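Subject: Structure handover

Hello,

Here is the structure for your files. My notes come after it.

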Amino acid sequence: TGSCLSPFDSWLILRGLKTLPLRMERHAASALTIARWLEKKPQVRKVFYPGLESSPGYALSQKQTTGFGGMLSFEVDTEARAKALLEKVKLICFAESLGGTETMITYPLLQTHADVPKEECLKKGINERLLRLSVGLEDVEDILADLQQALA
């Protein structure tokens, strides 16, 4: 019972698994570089990434994982800046799907949490200034350059 993958889909998954460790290393290394860079930006109020020493879960993450992943969130200083950043990014895709090899950014309040009551979102730290970034495999300097021009 249940669904089964076709032989071709199964082969694609097996093929992708062969490079998964290398891709995850790249995602995590780039995400850490970007998180550290964002922490220094005056337009950014908070950065949420378990690989930052400033993260409340840093010590626990070090004990439980072999890497910190390619997902991070950050809060900018104003709602207007958050929306402008989404319009200005060029390399980074403004999209809800976060599973690709491309760097993608989401606006959780209007995308993934649009159906969650606002007061519940606010309790969880999801506000009009919060952005979520899925760091892809592009050169990290290209991602930083895109963020730099979008934050300006």
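The notes below cover the core, one helix pair and one residue.

The model is predicted, so local features need pLDDT of at least 70 and side-chain atom pairs count only at pLDDT 80 or more, while totals for chains, interfaces and linings use all residues. Residues are numbered from 1 along each chain as its sequence is written, and side-chain values use heavy atoms, with hydrogens and water left out.

Core. The largest nonpolar core (buried Ala, Val, Leu, Ile, Met, Phe, Trp, Tyr and Cys residues joined through side-chain atoms within 4.5 Å; buried is under 20% relative accessible area, exposed over 50%, partly exposed in between, 1.4 Å probe, protein chains only) has 30 residues. I34, L38, L72, F74, L131 and L133 have the most contacts inside it. At least two residues each come from α1 (7-39), β1 (44-48), β2 (71-76), α3 (79-88), β5 (130-134) and α5 (140-151); helices (H or I, at least four residues) and strands (E, at least two) are DSSP runs, numbered from the N terminus. α1 gives the most to this core, 7 residues.

Contacts of L131. Apart from neighbours within four places in sequence, L131 is in contact (heavy atoms within 4.5 Å) with residues including L72, F74, I105 and Y107.

Helix pair. S30, T33, I34, W37 and L38 of α1 make the contact with V140, I143, L144, L147, Q148 and L151 of α5.

Residue I13. I13 lies in helix α1 and is partly exposed, with a relative accessible area of 45%. The C-alpha atoms of I13 and E53 are separated by 34 Å, at 40 residues apart along the chain.

Regards
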